[in-house]
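User: I'd like a close look at one part of this protein, with the rest brought in where it helps. Can you take me through one residue and then work outwards?

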Amino acid sequence: MTRNYKQLHVLLKQQPGAGMIDVSDLKIDLAFRFSSGRTQSVKQLTDNEYKSLISTLKRNSVITNKMDRLRKRTIASIFGFFNLIDKQVTLNYVKGIAVRAAGGDCKSFNAISETKLRAIYNEFLRQQKVVNNIGKVEAIAKMDASLLSLCGIQISVKQTKGAC
């Protein structure tokens, strides 16, 4: 079997946390684990061990890319909502909103589970539809109180004479 070590290096750099660890150290660790302690060299792995290593790295890379896309979509949906209600926010503010929406067990944006990210993404898309369907002023007045408090938005609705 011909081995493509360039592919191995590309896959290693795509792994979660790869930027914090030296790639050569990561290769030694992976070779040791996939050879069951027989060797610390990727070149000395058997063909089956090498195939298993590559397939595992590919699988991890796909999962990482999937979560990155979901995180970016969630951020975009939150930014989109605030854009519709004409409130300027920063990336850190948006991430903070997502962390608070995810609940108490999440300490950082990257720690939010896929299920919770999808729920947050869908909720902010739903809120965008509300804003688009009934107008900005009415949407803010009728918006879910939980989302308003989550976003730190305080509103007071003044009724005028003759208004419902």
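Analyst: Arg 71 is found in helix α3, and keep in mind as we go that the model is predicted. Despite its charged side chain, Arg 71 counts as buried, with a relative accessibility of 15%; the cut-off for that label is under 20%. Its side chain makes a polar contact with the side chain of Asp 68, at 3.1 Å. That contact also qualifies as a salt bridge, the closest N and O atoms of Arg 71 and Asp 68 being 3.1 Å apart. Both partners lie in helix α3, 3 residues apart, or about one turn of the helix. Asp 68 sits on the other side of the cut-off: at 31% relative accessibility, this residue counts as partly exposed. Leaving aside residues up to four places away in sequence, Arg 71 touches Phe 109, Asn 110 and Leu 117.

How many salt bridges are there in total? The count comes to 7. Another of them joins the side chains of Glu 49 and Arg 38, at 2.5 Å from N to O. Here the partners come from distant parts of the chain: Glu 49 belongs to helix α3 (residues 47-84), while Arg 38 is in the loop between α2 (23-34) and α3, 11 residues apart. Glu 49 counts as buried at 15% relative accessibility, whereas Arg 38, at 47%, counts as partly exposed.

Over in helix α5 (residues 114-134), the side chains of Glu 123 and Arg 126 meet in a salt bridge, 2.9 Å from N to O. Being 3 residues apart in that helix, Glu 123 and Arg 126 are separated by about one helical turn. Both ends of this bridge are partly exposed: Glu 123 has a relative accessible area of 25%, and Arg 126 has one of 38%. There is also a network: salt bridges with shared partners join Lys 66, Glu 114 and Arg 118.

Now for the rings. A pair of aromatic rings is described by how far apart the centres are and by the angle of the planes. The structure holds 4 aromatic pairs. One of them is Tyr 5 with Tyr 50, an edge-to-face pair with 5.8 Å centre to centre and 70° between the planes. This one links distant parts of the chain, with Tyr 5 in helix α1 and Tyr 50 in helix α3, 45 residues apart. Tyr 5 is partly exposed, with a relative accessible area of 27%, but Tyr 50 is buried, at 3%.

Phe 82 and Tyr 93 make another pair: their ring centres are 5.8 Å apart and their planes stand at 70°, so this pair is edge-to-face. Phe 82 lies in helix α3 and Tyr 93 in helix α4 (residues 91-102), so the pair ties together parts that are 11 residues apart in sequence. Phe 82 is buried, with a relative accessible area of 0%, while Tyr 93 counts as partly exposed at 26%. These two rings also belong to a cluster, in which ring pairs link Phe 81, Phe 82, Tyr 93 and Phe 124.

Back to helix α1, where Tyr 5 sits. Which residues of this helix (residues 5-13) are buried? They are Leu 8, Leu 11 and Leu 12. Seen down the axis of α1, the buried residues fall within an arc of 100°, so they line one face of the helix. Turned away from that buried side is a face carrying the exposed residues Lys 6 and Lys 13. The N-terminal end of α1 is capped by Asn 4, with a side-chain oxygen 3.2 Å from the backbone nitrogen of Lys 6.

Stepping back to the whole protein chain, there are 7 helices and 0 strands, and the pattern along the sequence reads α-α-α-α-α-α-α. Of the 164 residues, 32% count as buried, Arg 71 among them. Among contacts with a separation of 6 or more, 52% come from residues 24 or more positions apart. The accessible surface of the protein chain comes to about 10,600 Å², and 53% of that belongs to carbon and sulfur atoms.

Note on methods: Residues numbered from 1 in each chain as written. Predicted model: local features only at pLDDT ≥ 70, side-chain atom pairs only at ≥ 80, totals over all residues. Heavy atoms only, no water. Helix = DSSP H or I, 4+ residues; strand = E, 2+ residues; numbered from the N terminus. Buried < 20%, exposed > 50% of the residue type's maximum accessible area, 1.4 Å probe, protein only. Contact = heavy atoms within 4.5 Å. Areas by Shrake-Rupley, 256 points an atom, 1.4 Å probe, with all protein chains shown as cover. Arc of directions from axis to C-beta. Polar contact = N/O pair within 3.5 Å; in protein donor to acceptor, adjacent residues only side chain to side chain. Salt bridge = Lys/Arg side-chain N within 4 Å of Asp/Glu carboxyl O. Phe/Tyr/Trp six-rings, centres within 6.5 Å; stacked < 30°, edge-to-face > 60°.
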